[in-house]
Amino acid sequence: MSKLMRRIGGAVVVVLLAAFATYGGNTGKIAGRVTDAETGEPLIGVNVIIEGTTMGAATNIDGEYVIINVPPGTYAVVASALGYGKKKFTDVVVNVDFTTPLDIELGSESVQLEEVVVQAERKMVRKDLTSSRKSVTSAEIEALPVESVAGILTLQAGITEGVGGELHIRGGRSSEILYTINGISTANPFSNSQAISIATNAIQELSVVSGTFNAEYGNALSGVVNSVTKEGGKEYSGNVSAYVGDYASMRDDIWSDEILTLNPLNNVVGEATFGGPIPMTNNVVTFFLSGRYSSSDGYLYGVRRHIPADSVVYDYETNEVLGATARGDGEVVPMSTSWGINSTGKLSFKPTTTLKIHLDGLYTQGESQSYSHDFKYNPDGRGTGYSWAAMGALTITHAVMDNTYYTVKGAYNVNDYQSYLYQLLGPDGSKIDYYAGRDDIDPNSLRASDQYVPSHKTASAASYTFLAGGDSKSHYYQRSQTMQGKVDLTSQINVNHEVKLGGQIRLHTMDYDSFSILYDTLTYTTPTVPDADSPYRDLYTKKPWEASAYIQDKIEYTNIILNIGVRYDAFMSNSRYAPNTFLPSPNVWWTIPENLTEDDILDDAPIKHMVSPRLGISFPITDEGVIHFSYGHFYQMPPFRNLYVNPNFEFRVGDSPTFGDANLNPEKTVAYEIGLQQQLMPNLAIDVTTFFKDVRDLLATQKIRIDDDKVYYKYVNKDYANIKGVTFSVTKRKAQDLFGATLDYTLQVAEGNEVNADAFYVDAQQGKQTEKIPVPLGWDLRHQLNATVTVGESKNWHASIVGQMGTGLPYTPTVYNSKAVYEVYSSRRPVRYSVDLLVEKEFYFVENVGITIFARVYNLFDQLVERYIYTDTGRSTYTLLENTPQAETTDEIAKNAENVSPSSEYFNRPQYYQAPRSVRIGLSVDF
């Protein structure tokens, strides 16, 4: 890791000396008006200070003040003026990108002799909310039975979960979400997924923008998720917690018998946080540390009946299956195991009242194995995934005037993922730590482990039974390194105008290596790693870059609030592409004209330019009601891995290759929304929002046919989507009655075009626009209902329950051995619903030291939630394939052949269901 740390340090310096990037904000502000309690006249020169900090402002001639650059949290605000009594407001909550209103009335000093302490009223309606946004504080996160950021997000209106657990915001693809930590993107450029995860115990505030968003946010089509991490205070504080648990279900007809056996260490989690001042720095330097370790054996099991070297046994004279060798030890093996660590560290330095410096470090590491049904009785034949990621960031915030400050950030991210069964060997035959982009090893010198078995071992005795041997030969290596920087300038020009502007740059290095070990005993008599230039291996290093700039103005008046801005983005793939459809590669399998060279066939991809206008308007109709409208254009490049698929334009004999396209255009969304917030009672409010999204130039695959035997596939910008819906939320805030609740309902229609890969090409050759026939998207969840109920006393006891229900996701029906063709995604899976529970009790044996005993139960009622299904029945529980001749043949073989399972066991797919009931019990100590 020393080499990595040197790179991080060097990258931060380079970034700070270069241009800087801009992402979302990490602070909010407090604003209001100070008046005389007797006359109502505005008071000039009143000092409004956030207690315990140097943040504050003085009122102007109209009695107005604005305190900007306030980190999210809960504060006490003090107002004082000569001749007037001092007044303190407690529990003033500040959220990222929002204005917290706080109007103040001061009484004369002769009447008011002592400081008045008032609990600030927390409005449930945000007058400056111009698009859908939800902020979740650390206290709210702790009160819910959730253990991850994803668990928090699925409780928000408009956010749904796909079949594989991926998240979708308002019907968009899972790759259309921007994840940031402290305003810095953590995206993996290969897939645009979240590269660095963060434990919930390190989060001060989680904000989710699910609607249209301001110009400061870019490279996202559907939403922005920003986690702001905690920082140390003036006093030492921390938390240590640990819990264990297991799955508890009586459904041994679905799960293995192992599910009936209690194993308290199946799930183990340990967490800790600690923060405070650095000794002998007079509170000028503070720190915050967090860590989380988790491990799980999962709920999917297999049996080591076979080892990879086993195989099916035949009578070659009669071609009859006699059975399969079984040299395993018969041990029950967990097949969905995982472990991981998450850690964060923040060092905060405030040398003057106008300058603040943060140094952030994040590190995650994990290892996992995925369940494979075919390998159920040969579990040692599966590969393992290894991942780690790190980010180092330096943030400098400097207030140049009371109303103007800038923030400079430099960061370096690295993300590494590997997947294989046996480790690669170096030229001398010893195991090596190989990773994509390792430049001190010739990729052609790599050797495969002798533990691999020939490819013919990977076989089953019949159509519907398990593998009797064999192993996974796939090797996958991917590493991305992103150097990024940013500068934000924010100026509260006057009480009504807050202007922000900035620029961005992100420099990527993407290293990739993917291949399968060749070992057929004929051409390849030993396990062989394909050569670097082989069509059986994808090996490349690419260095794309992104840049952007924006300017926006937040205009706040009593009767209207506007967010107006425009954003510019640029992208350069730094790679080549084939502009001629009929000459897609210099390595094609038909004759290239003699007068053409590679430079005639391939061109350098040009820079892509994007301009995005954004507009948000909020109309306060009453003190407790607000209508908002927003509109915007949003651009995002497709996941970069699709630009670089088969970058050397290679092909395999007899195969139809797929080529990426470094000249792909950005995907584009035009989005609108209109909504209403209304506070019905002091602690009860509703929010209704309707939205519409028109999405163009989405990524698709086009089949191109040169003639009957010359076919290839190519990624193109051809897909289209149309999404519309309504979200309805009711919030009952927890107050003196100890009861709180939320109810979120989403009605959504997410549709897109349905065309096969041939249609794009045929229509293009005929010079006509491809007909766009709308069909539901694969993640079109029409109805989603989320509910939470919390009850309890602070520092005593607490209980919360979370319920979720959603209509089934669409699928395309099929009928075995039939020519009938059903409409795409014309049927739906069964309804999904689940209930989770958290119960906890706090004890205080020592002042300021709390001990909490808690229990979490997921899937409380052990619902059998059908996730994947058989498309001939639409259910996970059975399939019509059980009655086919192939299934009957499998059963006949199983009766007479040793170590062969019947088809009924093969058709029982435990991985088709979501996890059964899980119970976790733990202890937490706060100090």
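A residue is called buried here when its relative accessible area is under 20%, and exposed when that area is over 50%. With that cut-off in hand, helix α6 of this predicted model is a convenient place to start. The helix runs over residues 885-896, 12 residues in total, and spans 17 Å from its first C-alpha to its last, close to the 16 Å expected at 1.5 Å a residue. Its buried residues are Ala887, Thr890, Ile893 and Ala894. These four lie on the same side of α6, because they cover an arc of only 125 degrees around the axis. The spacing fits a familiar rule: an α-helix has 3.6 residues a turn, so residues three or four places apart point the same way. On the face turned away from the buried side, α6 carries the exposed residues Pro885, Lys895 and Asn896. The cover over the buried residues of α6 includes strand β24 and helix α7, the latter formed by residues 903-907.

Strand β24 also takes part in a hairpin. Its residues 320-324 pair with residues 312-315 of β23 in the antiparallel sense, over 4 bridges. Within this pairing, Tyr314 has Val321 of β24 as its bridge partner. The hairpin leaves 4 residues between the two strands, and Asn319 in the turn has a positive phi of about 60 degrees.

Two further residues with positive phi sit in loops. Thr521 is not a glycine, yet its phi is positive, at about 70 degrees. Thr521 belongs to the loop that connects β31 (497-516) with β32 (537-542), and a relative accessible area of 34% makes this residue partly exposed. Lys795, likewise not a glycine, has a positive phi of about 60 degrees. The loop that holds Lys795 lies between β45 (783-793) and β46 (797-806). Lys795 counts as exposed, because its relative accessibility is 56%, over the 50% cut-off.

Attention now turns to the nonpolar interior. The largest nonpolar core has 30 residues, and the members that touch the most others are Val149, Leu153, Ile196, Ile198, Leu206 and Val225. At least two residues of this core come from each of α3 (149-153), β12 (167-169), β13 (177-181), β17 (203-209) and β28 (384-401). Leu153 gives a view of the packing: beyond its neighbours within four places in sequence, Leu153 contacts Ile159, Leu167, Tyr179, Leu206, Val208 and Val225. A second core, separate from this one, has 22 residues, among them Met55, Ala79, Ile104 and Leu106.

Strands β13 and β17 are also found in an open sheet of 5 strands, ordered β10-β17-β18-β13-β14 and mixed in its pairing. At the edges are β10 (133-137) and β14 (184-185), each of which pairs on one side only. The pairing of β14 with β13 is antiparallel and extends over 2 bridges. Here, Ile184 in β14 stands opposite Ile181.

Several polar residues are buried as well, and their partners can be followed in the structure. Gln478, in strand β30 (residues 474-492), is buried, with a relative accessible area of 7%. Its side chain makes a polar contact of 2.7 Å with the side chain of Tyr476. Leaving out residues up to four places away in sequence, Gln478 touches Asn188, Phe190, Asn415, Asp416, Tyr417, Ala436, Asp511 and Tyr512.

Strand β31 contributes two more examples. Glu498 lies in this strand and counts as buried because its relative accessibility is 13%, under the 20% limit. The side chains of Glu498 and Lys29 make a polar contact at 3.5 Å. Lys29 is one of the residues that Glu498 contacts beyond four places in sequence, together with Thr490, Ser491, Gln492, Gln552, Asp553 and Lys554. Pro379, by comparison, is 119 residues from Glu498 in sequence and 60 Å from it in space, C-alpha to C-alpha. Gln504 is also found in β31, and a relative accessibility of 8% places this residue among those counted as buried. The side chain of Gln504 makes a polar contact with the side chain of Arg567, at 3.2 Å.

Note on methods:
Residues numbered from 1 in each chain as written. Predicted model: local features only at pLDDT ≥ 70, side-chain atom pairs only at ≥ 80, totals over all residues. Heavy atoms only, no water. Core = buried A, V, L, I, M, F, W, Y, C linked by side-chain atoms within 4.5 Å. Buried < 20%, exposed > 50% of the residue type's maximum accessible area, 1.4 Å probe, protein only. Contact = heavy atoms within 4.5 Å. Pairing = 2+ DSSP bridges. Expected span 1.5 Å × (residues − 1). Arc of directions from axis to C-beta. Polar contact = N/O pair within 3.5 Å; in protein donor to acceptor, adjacent residues only side chain to side chain.
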